[in-house]
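Colleague: Before I use these labels, I would like to hear what stands behind them.

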Amino acid sequence: MKFADKIRLIRKKNKLTQEEFAKSIGTSRGNLSNIELGNVSPTPMLITCVSLKYNVDSDWLMDDLNDDLSYLNGCDYPISIIMEKYDLLDDPYKKFIEHQITELLEIQKIYENKQSQNFEYSKPFPDIPDTLEECLEKYPPTDPDPEDGPDSNIS
């Protein structure tokens, strides 16, 4: 199944118009239409936005030979992606990931305790956007100029 078909499936599964879906991933309706028709190749930024916003694996999106539609079903999917990738890591990298998760949980606990006690406490990572929408607002993607080709905005 081609990327164009997968993107259309994701949009229709979420009952969105091209305009609504395009806005949610930071592109124009015209660009999305061309992507769905297979006339334009997606940029890495667009693939990342779709993957994050709609919880689908970017590797699955780009793999034209992978017709497995289970990637569209439910919230367990992100956990399975994480576990699959974790299993590929060598032991030192697994230990590093485990340590980072422990540290993040500690930061979260401190943050939650401060909030529950009504202390004035700032966000642990103030420069990092909390949502995809905030990320797109802070770092807006640009549509490539059709005359320059589909990957013209990639440096």
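The exchange below takes up helix packing, salt bridges and burial.

Modeller: This is a predicted model, where local features need pLDDT of at least 70, side-chain atom pairs count only at pLDDT 80 or more, and totals for chains, interfaces and linings use all residues. Residues are numbered from 1 along each chain as its sequence is written, and side-chain values use heavy atoms, with hydrogens and water left out.

Colleague: Why are α1 and α3 called oblique to each other?

Modeller: Helix α1 (residues 3–13) and helix α3 (residues 29–36) pack at about 125 degrees. Angles under 35 degrees count as roughly parallel, over 145 as roughly antiparallel, 65 to 115 as roughly perpendicular and the rest as oblique, so this pair is oblique.

Colleague: What makes E36 and R11 a salt bridge?

Modeller: The term asks for a side-chain nitrogen of Lys or Arg within 4 Å of a carboxyl oxygen of Asp or Glu. For E36 and R11 the N to O distance is 2.6 Å. E36 sits in helix α3 and R11 in helix α1, so the bridge ties together parts 25 residues apart in sequence. Through shared partners, salt bridges join D5, R8, R11 and E36 into one network.

Colleague: Why is E36 called buried, and is R8 buried or partly exposed?

Modeller: Buried means under 20% relative accessible area, exposed over 50%, partly exposed in between (1.4 Å probe, protein chains only). E36 has 4%, so E36 is buried. R8 has 24%, so R8 is partly exposed.

Definitions and conventions
Axes are lines fitted to C-alpha atoms, for helices over the stretch in contact, and angles run from 0 to 180 degrees between N-to-C directions. Helices (H or I, at least four residues) and strands (E, at least two) are DSSP runs, numbered from the N terminus.
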